[in-house]
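The exercises below are meant to be worked through with the coordinates open. Each one sets a task and is followed by a solution in steps.

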Amino acid sequence: MKLKMHACGDKSLPQTERVYFQVLLPKGNKEKSKPMFFCSKWSIGKVVDYAASLASLKNDNNKSTAQKLRLCHTVSGEALPFEHTLEKWLSDEDYPLFSGGNIILEYLDNDVLLIEDTESYLRTDFRWFGMQHWSPCFRSTFS
C-alpha cells in the first residue's frame with residue numbers, strides 16, 4: 001500500500017490502468033530506487049522514457065551508438081523488448097511482472113540483452129537490521 005501512496009506517475013491515468021513498480025535504478029546512481037506507476041497499455045519504450053524522466057536519468061536511446069537505458073525483469077534478468085507492452089508482461093506465462101513488484105532500469109550495451117546478477121540490485125544497506133533483501137514497505141518507512 002505504501003508503494004501506491006509514494007509512487008510518481010501521470011496522475012491523469014485512470015486507476016484501473018495503473019501498474020505500480022519499485023523501479024530499481026541504474027547502478028552508480030545516487031538514488032537506488034523510486035516507486036512509480038505507468039499505464040498498462042504503454043509500450044516498454046514509453047515506460048523507459050517516462051521512468052528516465054521521473055528519475056532524471058540521461059536517456060540517449062535515440063542515438064545508435066549510445067548505451068541503451070533498458071527495463072529488465074528482476075527474476076529472469078531479461079531486457080524487455082521496447083515494442084512490447086506492460087500488459088503483455090503482466091500476463092506472461094513464464095515470468096510475469098506483478099503490479100507492486102520490482103523492475104530494473106539499467107544502461108546496457110546494444111548487444112547485451114540480459115542482466116546476469118539481478119540479485120545485486122535487490123541488496124540493501126540495511127544489513128544492520130539483519131535483512132538480506134530490500135522490501136518496499138520496510139524501505140518506505142525510513143524514506
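**Exercise 1: Salt bridges**

D60 and K58 form a salt bridge in which the closest N and O atoms are 3.5 Å apart, the term standing for a side-chain nitrogen of Lys or Arg within 4 Å of a carboxyl oxygen of Asp or Glu. The model is a predicted one, in which local features need pLDDT of at least 70 and side-chain atom pairs count only at pLDDT 80 or more, while totals for chains, interfaces and linings use all residues. Residues are numbered from 1 along each chain as its sequence is written, and side-chain values use heavy atoms, with hydrogens and water left out.

Task: starting from this pair, describe the salt bridges and state how buried or exposed their partners are.

Solution. Step one is the surroundings of the pair: D60 is buried at 18% relative accessibility, whereas K58 is exposed at 58%, where buried means under 20% relative accessible area, exposed over 50% and partly exposed in between (1.4 Å probe, protein chains only). K58 and D60 also belong, together with K63, to a network of salt bridges.

Step two extends the search to the whole structure, which holds 5 salt bridges. One of them joins K41 and E87, with 3.8 Å from N to O; this pair links distant parts of the chain, since K41 sits in the loop between β2 and α2 and E87 in helix α3, 46 residues apart. (Helices, H or I of at least four residues, and strands, E of at least two, are DSSP runs numbered from the N terminus.) K41 is partly exposed at 48%, and E87 is likewise counted as partly exposed, at 39%. E31 and K34 form a salt bridge too, their closest N and O atoms being 3.9 Å apart; here E31 is partly exposed at 35%, while K34 is buried at 16%.

**Exercise 2: The nonpolar cores**

Task: identify which residues of the largest nonpolar core touch the most other members, and which elements contribute to this core.

Solution. A nonpolar core is a set of buried Ala, Val, Leu, Ile, Met, Phe, Trp, Tyr and Cys residues joined through side-chain atoms within 4.5 Å. The largest one has 28 residues, of which F21, V23, F38, L71 and L105 touch the most other members. Two or more residues each come from β1 (18-24), β2 (33-39), α2, β3 (68-72), α3 (86-90) and β4 (101-108), and α2 supplies the largest share, 5 residues. Taking L105 as an example, and leaving aside neighbours within four places in sequence, its contacts (heavy atoms within 4.5 Å) include V23, V48, A51, L57, L69 and L71.

**Exercise 3: Two loops**

Task: examine S56 and D92, each of which lies in a loop.

Solution. S56, between α2 and β3, has a positive phi of about 55 degrees although it is not a glycine, and at 66% relative accessibility S56 is exposed. D92, in the loop between α3 and β4, is buried at 17%; a polar atom of its side chain lies 3.1 Å from the backbone nitrogen of D94, and one lies 2.6 Å from the backbone nitrogen of Y95.

**Exercise 4: Confidence**

Task: decide where the model calls for caution.

Solution. The mean pLDDT, the predictor's confidence in each residue from 0 to 100, is 85 for the protein, and 85% of its residues reach 70 or more. Confidence is highest in helix α2 (residues 44-54), at a mean of 97, and lowest in helix α5 (residues 136-141), at 39. Over residues 124-143 pLDDT stays under 50. Where pLDDT is low, the predicted coordinates should not be read in detail.

Note on methods. A polar contact is a pair of N or O atoms within 3.5 Å; within protein, one must be able to donate a hydrogen and the other to accept it, and residues adjacent in sequence count only if both atoms are side-chain atoms.
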